[in-house]
Each structure stands twice: as C-alpha cells, then as structure tokens.
Amino acid sequence: MPTSADGSVPGTPELGPVRLRRVGYDDPVAQHLVERVQQEYVLRYGGRDASAVDPAEFTPPLGLFLVAEVDGVAAGCGGWRVHDAGRGVVELKRMYVEPAFRRRGVAGLVLSVLERSAAAAGHRHLVLNSGDRQPEALALYVRRGYTPVAGYGVYAEAPGAVFLGRDLPSGGAAAGDEEDAWAS
C-alpha cells in the first residue's frame, strides 16, 4: 500500500496534532508504552526483549526518551542511548506506536525527532536491532535510508535478528527549537 513521505497512508483519517514530550524512561506513561511494546514482542516472538536497559541511559546528554501524544492520548514512544561514544554511535530503542495510531505518520515523526536530537547532541551514526517479524518497522527504516550493519548485543547471532544503521544528518535541530519542531 502506498504511503506518504511521513509514513501515513493516504485516505486514513487525519490525526490531531502530535505532541512529543521528553520524559524519563521510568515515567509512568513511558513505562506503560514500554510494557505494550514488550507484549508486542511476546506476540511476535514468544518472549520479551532480553536486552538490558538502564533508565539512566535515556537521560540527556546520554540519551533521550520521547512519548508521542495525540489529543492527550499516549500514541507511541521511542528513544536513543549511547552505543559507542568513541565512534559517535547511538542506538534506537523501544520504538512503538499503539495500534489505533499506526500507519498515520507517528512513528516517522518520532524517528525524525530522535535522529535530529541525536545529531544535535553530536552523534554521527544511529543503529538499531529489530526482527524479521516486524515488517512494518523494517519497511519504515529502509524507506528512511537504514542499511544492514554488524550485529551486536544479546541478539548478535540470533536467527531472525535484523541490525540496521545510518549516518545522522549533520547539525540536527537547534536545542532551543526542538520542542516547537515536535508538533505536527
């Protein structure tokens, strides 16, 4: 099915404004959405993600975690954390969009802001680990220019694991302009 540049599907109902909030990984809304993504992993793979996550890793300047809201309703989330500081590499984690908001551009918006904020923080590359049972996510990443990278972490050699990465845009958004740029 064709999609627009932001990942939304032509003919689907318009979303109200999407508001992105910077929150701690341990924020109650963030934790609710993280649990929802974990349940998605259970449905698709038969178990939760075994990757270790320390909430402090998503605290600026080490990382960032965002919650997307539409009309005050939690619609999705995502974050980045430092993966290899010496090489300027960050890792995308916990990208998730609630089913009612999928294919309407929310994931693309969250991804764009995460990429820009990581670039603005001085990082040069973004990597991610997904799986072959998440074709929607993989399609988004490929459309956005992500290409295969070497495996890492607990899933480095796991069957079905997919590792992608891309160079970040240089510069990113100016720190003072980030919050305004998050509304769409």
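In the largest nonpolar core, which has 32 residues, the members that touch the most others are L20, L92, L114 and Y141. Eight elements each supply at least two residues of this core, namely β1 (18-22), β2 (63-70), β3 (73-84), β4, α2, β5, α3 and β7. The largest contribution comes from α2, which gives eight residues. The structure described here is a predicted model. The points below treat the cores, the sheet, helix α3, two buried residues and the aromatic rings in turn.

**Nonpolar cores**

- L114 is one of the residues that touch the most other members of the largest core.
- With neighbours within four places in sequence set aside, the contacts of L114 are L64, L66, G78, G79, W80, L92 and M95.
- One of these contacts, L92, is itself named with L114 among the residues that touch the most other core members.
- Another core, of 13 residues, lies apart from the largest one, and V23, Y25, V37 and Y41 are among its members.

**The sheet**

- Seven strands make up an open sheet with mixed pairing, and their order is β1-β2-β3-β4-β5-β7-β6.
- The edges are occupied by β1 and β6 (147-148); each has a single partner strand, so one side of each is without a neighbour in the sheet.
- Strands of a sheet pair through backbone hydrogen bonds, and the pairing may be parallel or antiparallel.
- Eight bridges join β2 and β3, which pair in the antiparallel sense.
- V70 has V73 of β3 opposite to it.
- The pairing of β5 with β7 is antiparallel and comprises seven bridges.
- N129 faces a residue of β7, with F163 standing opposite.
- Between β6 and β7 there are two bridges, and this pairing is also in the antiparallel sense.
- T147 is placed opposite G165, a residue of β7.

**Helix α3**

- Helix α3 covers residues 135-143, and A137, L138, L140 and Y141 are buried in it.
- When the helix is seen down its axis, the buried residues fall within an arc of 160°, so they line one face of α3.
- These buried residues pack against four elements: β4 (89-97), α2 (106-120), β5 (125-131) and β7 (161-167).
- One of the buried residues of α3, Y141, is also among the residues that touch the most other members of the largest core.
- G145 follows just after α3 and takes a positive phi of about 95°.

**Two buried residues: L164 and Q134**

- L164 is located in strand β7.
- L164 counts as buried because its relative accessibility is 6%, and the limit for a buried residue is under 20%.
- The contacts of L164, leaving aside neighbours within four places in sequence, are L126, V127, L128, L138, Y141, Y146, T147, P148 and V149.
- L164 and V142 are 22 residues apart along the chain, and their C-alpha atoms are separated by 8.6 Å.
- Q134 belongs to the loop between β5 and α3.
- Q134 has a relative accessible area of 14% and is therefore buried.
- Apart from neighbours within four places in sequence, Q134 is in contact with Y41, R44 and Y45.
- One of these contacts, Y41, is a member of the core of 13 residues.

**Aromatic rings**

- Five aromatic pairs are found in a search of the whole structure.
- Y25 and F58 form a stacked pair, because their ring centres are 4.8 Å apart and their planes are at 15°.
- Y25 is in the loop between β1 and α1 (28-45), whereas F58 is in the loop between α1 and β2, so the pair ties together parts that are 33 residues apart in sequence.
- Both residues of this pair, Y25 and F58, are buried.
- F58 and F65 form an edge-to-face pair, because their ring centres are 5.7 Å apart and their planes are at 85°.
- F65 is buried, as is F58.
- Y25, F58 and F65 are linked into a cluster by ring pairs.
- R166 is positioned over the face of Y146, at 5.8 Å from the ring centre.

Key:
Residues numbered from 1 in each chain as written. Predicted model: local features only at pLDDT ≥ 70, side-chain atom pairs only at ≥ 80, totals over all residues. Heavy atoms only, no water. Buried < 20%, exposed > 50% of the residue type's maximum accessible area, 1.4 Å probe, protein only. Arc of directions from axis to C-beta. Contact = heavy atoms within 4.5 Å. Core = buried A, V, L, I, M, F, W, Y, C linked by side-chain atoms within 4.5 Å. Phe/Tyr/Trp six-rings, centres within 6.5 Å; stacked < 30°, edge-to-face > 60°. Lys NZ or Arg CZ within 6 Å of the ring centre and 35° of its normal. Pairing = 2+ DSSP bridges.
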